[in-house]
Amino acid sequence: MSSSDKPELVERDVKDKVDDKEDNSGFIDKVKGFIHDIGEKIEETIGFGKPTADVAEIHLPCINLEKAEIVVDVLIKNPNPVPIPLVDIDYLIESDGRKLLSGLIPDAGTIHAHGEETVKIPVTLIYDDIKSTYDDIKPGSIIPYRLKVDLIVDVPVFGRLTLPLEKTGEIPIPYKPDIDMEKIHFERFSWEETIAVLHLKLENMNDFDLGLNALDYEVWLSEVSIGSAELEKSAKIGKNGISYIEIPISFRPKDFGSALWDMIRGKGTGYSMKGHINVDTPFGAMKLPISKEGGTTRLKKNREDGGDDDDED
């Protein structure tokens with residue numbers, strides 16, 4: 001064989017190897033296509049499909065000065081003829097890209113065949129934790145949040161799937177209102193029974209409106225409790241605004257001894273007040289504390305001509 005024949009032999013060997021690779025590649029592609037077709041046929045015949053999920057609603061069942069309890073309702077639909085397990089729920093709440101809270105709920109239940117379930121995800125935001133981590137988040141403010149949820153389900157044919165969800169909103173960091181007793185107006189002024197009206201100034205320290213519904217309170221004059229009550233009272237206190245309310249009170253000075261009676265006949269007196277107000281807010285109902293320690297108020301009583309005067313006795 002001449003030397004000129006050798007390149008032809010080498011060329012043929014290379015060509016055969018290339019043809020073998022192409023044949024193998026074609027065979028693998030055919031196998032993959034066959035498996036895919038079988039999967040589709042099974043899915044069509046038996047009716048398997050991917051589940052869907054959506055955030056149906058977000059509740060704030062409890063908000064106070066310490067925490068916000070949040071419940072996320074997630075609606076999951078299962079189109080398959082068999083139940084599917086909800087393996088894990090992975091959640092994250094962040095504000096402006098900063099993590100506020102995260103967690104994992106394992107073995108979260110089962111979604112019935114051809115059914116739908118509302119899965120509740122309860123989370124609690126502790127305000128002290130947030131404020132100690134991020135100095136710029138102040139009491140009385142409203143902060144934006146982004147909720148991210150990954151639902152991990154196990155579906156026949158498909159295997160494990162992750163269903164990602166996102167929801168945005170706002171949440172308040174409440175601050176208690178400031179209260180002042182500007183004066184006590186005496187309607188009837190006697191040893192046996194004194195009837196008075198407390199003139200209160202309520203200042204809303206929050207960036208959202210408060211709708212006052214009711215309040216409970218106890219009042220001390222010169223460190224002596226003169227009475228307490230619970231009553232319904234309606235008033236709107238705008239964000240960072242002030243509202244004035246009047247609440248009645250009656251007591252018998254003789255029950256407290258001469259010291260209280262002598263104090264009432266003076267020009268002014270020290271007082272303390274504690275209680276709560278029930279309010280409606282854009283984020284739900286809240287019960288906020290009110291308190292004033294060591295305040296000073298003027299005492300007013302009706303004159304005989306119907307006007308008001310400071311008590312000069």
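Which side chain does Lys148 meet in a salt bridge? The partner is Glu94, with 3.5 Å from N to O. Keep that pair in mind, as we will come back to it while walking through this predicted model.

## The protein at a glance

Let's start with the whole chain. The protein has 15 strands and three helices. Of its 313 residues, 36% are buried. Its accessible surface amounts to about 17,600 Å², and carbon and sulfur atoms account for 49% of that.

Contacts tell us something about how the chain folds back on itself. Taking contacts between residues at least 6 apart in sequence, 66% join residues at least 24 apart.

## A sheet of four strands

One open sheet has four strands in the order β4-β3-β6-β7, and the pairing is antiparallel. The strands at the edges are β4 (98–111) and β7; each has a single partner strand, so one side of each has no neighbour in the sheet. From one strand to the next, the twist averages 15°.

You can trace this sheet pair by pair. Strands β3 and β4 run antiparallel and are joined by eleven bridges; here Pro85 has Thr110 in β4 as its bridge partner. Next, β3 (residues 84–95) is joined to β6 by eight bridges, again antiparallel, and Leu86 stands opposite Val153 in β6. Finally, β6 pairs with β7 (residues 159–172) over 14 bridges in the antiparallel sense. Tyr145 finds its bridge partner in β7 at Gly169.

## The two faces of β6

In a regular strand, side chains alternate between the two faces of the sheet. Strand β6 (residues 142–155) is a good place to look for this. Its covered face includes Ile143, Tyr145, Leu147 and Val149, while its uncovered face includes Arg146, Lys148 and Asp150.

Between β6 and β7 the chain makes a hairpin with three residues between the strands. Within this hairpin, Val157 takes a positive phi near 75°.

## Salt bridges

Side chains of opposite charge can pair when their charged atoms come close. The structure holds nine salt bridges. One of them is the pair from our opening, Lys148 and Glu94. Lys148 belongs to β6 and Glu94 to β3, so the salt bridge ties together parts that are 54 residues apart in sequence. Lys148 is partly exposed, with a relative accessible area of 31%, whereas Glu94 counts as buried at 13%.

Arg146, also in the list for the uncovered face of β6, meets Glu166 in a salt bridge at 2.8 Å from N to O. This pair links β6 with β7, across 20 residues of sequence. Arg146 is partly exposed at 33% relative accessibility, and Glu166 is partly exposed at 49%. Another salt bridge joins Arg188 and Glu193, at 2.6 Å from N to O. Arg188 has a relative accessible area of 41% and is partly exposed; Glu193 is partly exposed too, at 31%.

## A sheet of three strands

Another open sheet has three strands in the order β1-β2-β5, with antiparallel pairing. Its edge strands are β1 (52–63) and β5 (115–126), each pairing on one side only. The twist here averages 20° from one strand to the next.

Strand β1 is joined to β2 (residues 67–78) by nine bridges. Within this pair, Ala53 has Ile76 in β2 as its bridge partner.

## Two buried residues to find

Is Asp216 buried or exposed? Asp216, found in strand β10 (residues 210–221), is buried yet has no salt bridge. The nearest side chain of opposite charge is Lys287, 4.3 Å away. A salt bridge needs a nitrogen and a carboxyl oxygen within 4 Å, so this pair does not count as one. Beyond its close neighbours in sequence, Asp216 touches residues including Ala229, Glu230, His276 and Lys287.

Met286 sits in strand β14 (residues 284–302). With a relative accessible area of 3%, Met286 is buried. Among the residues that Met286 touches, leaving out those up to four places away in sequence, are Ile63, Pro172, Phe208 and Ile277. Met286 and Leu210 are 76 residues apart along the chain, but their C-alpha atoms are separated by 9.1 Å.

Definitions and conventions: Residues are numbered from 1 along each chain as its sequence is written. This is a predicted model: local features need pLDDT of at least 70, side-chain atom pairs count only at pLDDT 80 or more; totals for chains, interfaces and linings use all residues. Side-chain values use heavy atoms; hydrogens and water are left out. Buried means under 20% relative accessible area, exposed over 50%, partly exposed in between (1.4 Å probe, protein chains only). Two strands pair if DSSP finds at least two bridges between them. Contact means heavy atoms within 4.5 Å. Accessible areas come from the Shrake-Rupley method with a 1.4 Å probe; for residues, only the protein chains shown count as cover. Lys and Arg count as positive and Asp and Glu as negative; His and the chain ends are not counted. Axes are lines fitted to C-alpha atoms, for helices over the stretch in contact, and angles run from 0 to 180 degrees between N-to-C directions.
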